Amino acid sequence: MPEMTRIVLAARPEGAPGPESFRIEQAPMPEPGPGMVLLRTIWLSLDPYMRGRMDAAKSYAAPVEVGATMEGGGVAEVLASQAPGFAPGDVVVGPTGWASHAVVPAEALRRIDPAAAPLSTALGVLGMPGLTAWVGLDHIAGAKAGETIVVSAATGAVGSLASQLARRRGLRVIGVAGGAEKCAYAVETLGCDACLDHRAPGGAAALSEAIGAAAPDGVDIYFENVGGRTLEAVLPRMNLHGRIALCGMIAWFSGKGAAEPMTLPAVWRMILTRRLRVQGFLVFDHFDRLPAFLAEVAPLVRSGEIVWRESVAEGLEAAPGAFLRLLDGGNFGKQLVRVGHDPAGT
Ligand SMILES: NC(=O)c1ccc[n+]([C@@H]2O[C@H](COP(=O)([O-])OP(=O)(O)OC[C@H]3O[C@@H](n4cnc5c(N)ncnc54)[C@H](OP(=O)(O)O)[C@@H]3O)[C@@H](O)[C@H]2O)c1
């Protein structure tokens, strides 16, 4: 009997997850019922939000149950279909989970054109993270030419597109990233005007000094991907009536708040005295904008005017380790797992 491989949540982590949080299993190959499609996963996306799904607390989405397959988006080939509109050989993007194969409802799938761009880009620059950057910049922050923006996790999946789009829209772009290599990439390849290393000695105070020097007229927009000491450093540099597009807070995942603490009154005072507008957003509320996003960004990716970068882990069994590294900045660009053969050859 044919089998599939999957990675399940073995135990809920207390604080930081570790290899013991995951278990690899074999299971019988599922069969698609009416309206369902059987998929073979090619690329699996690893994303910071998956850390939240490992906790019991309900957030904007239900947690993954202990013993259940870890959730995740993937690019996959259709092997069998019981749904109109999908046929064997089609390539789709959808919720495959951390699994070699999956049966998924047809309405959760979007067909992609293998000739349009490398398949993996449907999970990165032309997928959920890319849409997040585009929505955050234009629809949440309302970025305008001549303004100064700080983008944290500037070389990551979201941040690298936010930085490039901000440059294209005529903003002064200050990236924040971990380490000299990422900062050099942000300036030389993504076109940031400056990039500051949040891991450099001196903590939030030194980072804030450096942001002040790189943005002598202050910061109009903060594209917030991390929280922690980067937020602490940026807040005092915000101009009156500045805007914060609150996208993520990875520095405070896994109870890491103790390492990079900030008191609520200090944050609140800064929002008040600077008259800041802070807007949290979730990309899931904006998927109706995907066609408009792709209409602008896909041609720029094809022409090479927008660049992207990937960290690729080989084989499904490498997913837990790659995910744990992602949470600590071990990825450089969009973190992917190559689960199966890519028929488009990338
Ligand atoms: N609101 C939404 O709908 C939405 C959608 C997608 C993503 N997000 C959020 O956006 C953020 C970026 O996601 P992504 O998929 O593009 O991931 P990513 O940036 O490709 O990878 C995460 C990066 O976070 C940085 N990081 C980790 N710990 C940090 C710390 N303590 N301080 C500062 N930076 C730290 C690391 O970069 P460095 O090495 O540069 O530190 C790491 O590479 C995440 O917070 C994620 O949850 C939100």
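**Notes on the predicted model**

1. Arg 275 is found in the loop between helix 7 and strand 13 (277-280). Its phi is near 50 degrees. That value is positive, and Arg 275 is a residue other than glycine. Most residues other than glycine have a negative phi. Is Arg 275 buried or partly exposed? With a relative accessible area of 46%, Arg 275 is partly exposed. Please bear in mind that this is a predicted model.

2. Confidence comes next. The mean pLDDT of the protein is 96. Residues that reach 70 or more make up 100% of the protein. Which elements have the lowest and the highest mean pLDDT? Helix 7 (residues 264-273) has the lowest, at 94. Strand 8 (residues 148-152) has the highest, at 99. Where pLDDT is low, predicted coordinates should not be read in detail.

3. Ala 153 also deserves a look. It is found in the loop between strand 8 and helix 3. Its phi is near 45 degrees, again a positive value in a residue other than glycine. Ala 153 counts as partly exposed because its relative accessibility is 34%, which lies between the 20% and 50% cut-offs.

4. Now strand 3 (residues 36-45). How many of its 10 residues are buried? The count is 9, so strand 3 is largely enclosed by the rest of the structure. In a regular strand, side chains alternate between the two faces of the sheet.

5. The pairing of strand 3 can be followed strand by strand. With strand 4 (residues 74-81), strand 3 pairs in the antiparallel sense over 7 bridges. Leu 38 has Ala 80 of strand 4 as its bridge partner. Strand 6 (residues 101-105) is joined to strand 3 by 5 bridges, and these two run antiparallel. There, His 101 of strand 6 is the bridge partner of Arg 40. Strand 15 (residues 334-338) pairs with strand 3 over 3 bridges, also in the antiparallel sense. Leu 44 is matched with Val 337 of strand 15 as its bridge partner.

6. Ser 208 lies in helix 5 (residues 203-214). Is this serine buried or exposed? Ser 208 is buried, because its relative accessible area is 8% and the cut-off is under 20%. A polar atom of its side chain lies 2.7 Å from the backbone oxygen of Ala 233. Which residues does Ser 208 contact, leaving aside its neighbours within four places in sequence? They are Ala 233, Pro 236 and Arg 237. Ala 233 thus appears both in this contact list and in the 2.7 Å pair.

7. Helix 8 (residues 290-303) has 14 residues. Its first and last C-alpha atoms are 19 Å apart, close to the 20 Å expected at 1.5 Å a residue. Where does helix 8 kink? The kink lies at Val 297, is about 30 degrees, and comes shortly before the proline Pro 299. After helix 8 comes Gly 304, whose phi is positive, near 85 degrees.

8. Helix 8 also has a buried set. Leu 290, Phe 293, Val 297, Ala 298, Leu 300 and Val 301 are buried. Val 297 is therefore worth finding in the view: it is one of these buried residues under the cut-off of 20%, and the kink lies there too. What do the buried residues of helix 8 pack against? They pack against strand 7 (110-111), helix 2 (128-140) and helix 3 (157-168).

Technical notes. Residues are numbered from 1 along each chain as its sequence is written. This is a predicted model: local features need pLDDT of at least 70, side-chain atom pairs count only at pLDDT 80 or more; totals for chains, interfaces and linings use all residues. Side-chain values use heavy atoms; hydrogens and water are left out. Helices (H or I, at least four residues) and strands (E, at least two) are DSSP runs, numbered from the N terminus. The expected span of a helix is 1.5 Å times one less than its number of residues. The bend at a residue is the angle between axes fitted to the seven residues ending there and the seven starting there. Buried means under 20% relative accessible area, exposed over 50%, partly exposed in between (1.4 Å probe, protein chains only). Contact means heavy atoms within 4.5 Å. A polar contact is a pair of N or O atoms within 3.5 Å; within protein, one must be able to donate a hydrogen and the other to accept it, and residues adjacent in sequence count only if both atoms are side-chain atoms. Two strands pair if DSSP finds at least two bridges between them. pLDDT is the predictor's confidence in each residue, from 0 to 100.
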